[in-house]
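This report covers the salt bridges of one protein chain and the pairing of strands in one of its sheets. The sequence and structure come first.

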Amino acid sequence: VQLQASGGGLVQNGGSLRLSCAASGRTFSSYHMGWFRQAPGKEREFVAAIWWTTSTYYADSVKGRFTISRDNAKNTAYLQMNTLKPEDTAVYYCAATRTIAAMLDYEHDYWGQGTLVTVSS
């Protein structure tokens with residue numbers, strides 16, 4: 001499956017953005033989808049995941065502010081980000097896997113190109 005992330009940009013502290021991850025192929029619904037991010041000088045970290053069952057999981061740092069969702073009819077996953085903070089500034093990547101309970105980057109087989117989110121203070 002090929003993934004293309006979009007929706008990043010510059011937003012003020014407290015603002016919102018919605019990221020999209022468009023997938024190619026007809027088997028999108030069978031993949032678990034994840035969002036990761038990498039801030040300058042830091043390692044890539046888990047942000048959120050949604051399984052094919054639509055169960056969702058979040059990093060503690062974004063819980064209550066971010067919402068992951070998917071639309072299988074559109075082969076697209078989303079990350080709604082509210083109450084953004086400067087520390088959310090990073091390149092955000094979407095990823096796909098068939099590994100059950102995957103929340104680590106090496107467990108994901110397919111990656112989008114990344115989209116930059118910058119939150120100004």
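Are Lys-63 and Asp-60 buried or exposed? Both residues are exposed. The model discussed here is predicted.

## Salt bridges: overview

The structure holds five salt bridges. Among them is the contact between the side chains of Lys-63 and Asp-60, with an N to O distance of 3.1 Å.

## The network around Arg-37

Salt bridges link Arg-37, Glu-45, Arg-65 and Asp-88 in a network. Within this group, the side chains of Glu-45 and Arg-37 meet at 2.6 Å, N to O.

The two partners of this bridge fall into separate accessibility classes. Arg-37 has a relative accessibility of 6% and counts as buried, because the cut-off for buried is under 20%. Glu-45 has a relative accessible area of 35%, so this residue is partly exposed.

## A bridge between distant parts of the chain

Arg-44 and Asp-105 also form a salt bridge through their side chains, at 3.6 Å from N to O. This pair links distant parts of the chain, with the two positions 61 residues apart in numbering. Arg-44 lies in the loop between strand 4 (32–38) and strand 5 (45–50), while Asp-105 lies in the loop between strand 9 (90–97) and strand 10 (110–111).

How accessible are these two partners, Arg-44 and Asp-105? Arg-44 is partly exposed at 30% relative accessibility. Asp-105 is partly exposed as well, with a relative accessible area of 26%. Both values lie between the cut-offs of 20% for buried and 50% for exposed, which means that neither residue belongs to those two classes.

## The four-stranded sheet

Four strands form an open sheet in the order 1-3-8-7, and their pairing is antiparallel. Strand 1 (3–6) and strand 7 (66–71) are the edge strands, each pairing on one side only. On average, neighbouring strands of this sheet are turned by 15 degrees against each other, with direction ignored.

In general, strands of a sheet pair through backbone hydrogen bonds, in either a parallel or an antiparallel arrangement.

## Strands 7 and 8

How many bridges join strand 7 to strand 8? Six bridges connect strand 7 with strand 8 (residues 76–81), and the two strands run antiparallel. In this pairing, Asp-71 stands opposite Thr-76 of strand 8. Strand 7, whose range is 66–71, is one of the edge strands of the sheet.

Conventions
Residues are numbered from 1 along each chain as its sequence is written. This is a predicted model: local features need pLDDT of at least 70, side-chain atom pairs count only at pLDDT 80 or more; totals for chains, interfaces and linings use all residues. Side-chain values use heavy atoms; hydrogens and water are left out. A salt bridge is a side-chain nitrogen of Lys or Arg within 4 Å of a carboxyl oxygen of Asp or Glu. Buried means under 20% relative accessible area, exposed over 50%, partly exposed in between (1.4 Å probe, protein chains only). Two strands pair if DSSP finds at least two bridges between them. Axes are lines fitted to C-alpha atoms, for helices over the stretch in contact, and angles run from 0 to 180 degrees between N-to-C directions.
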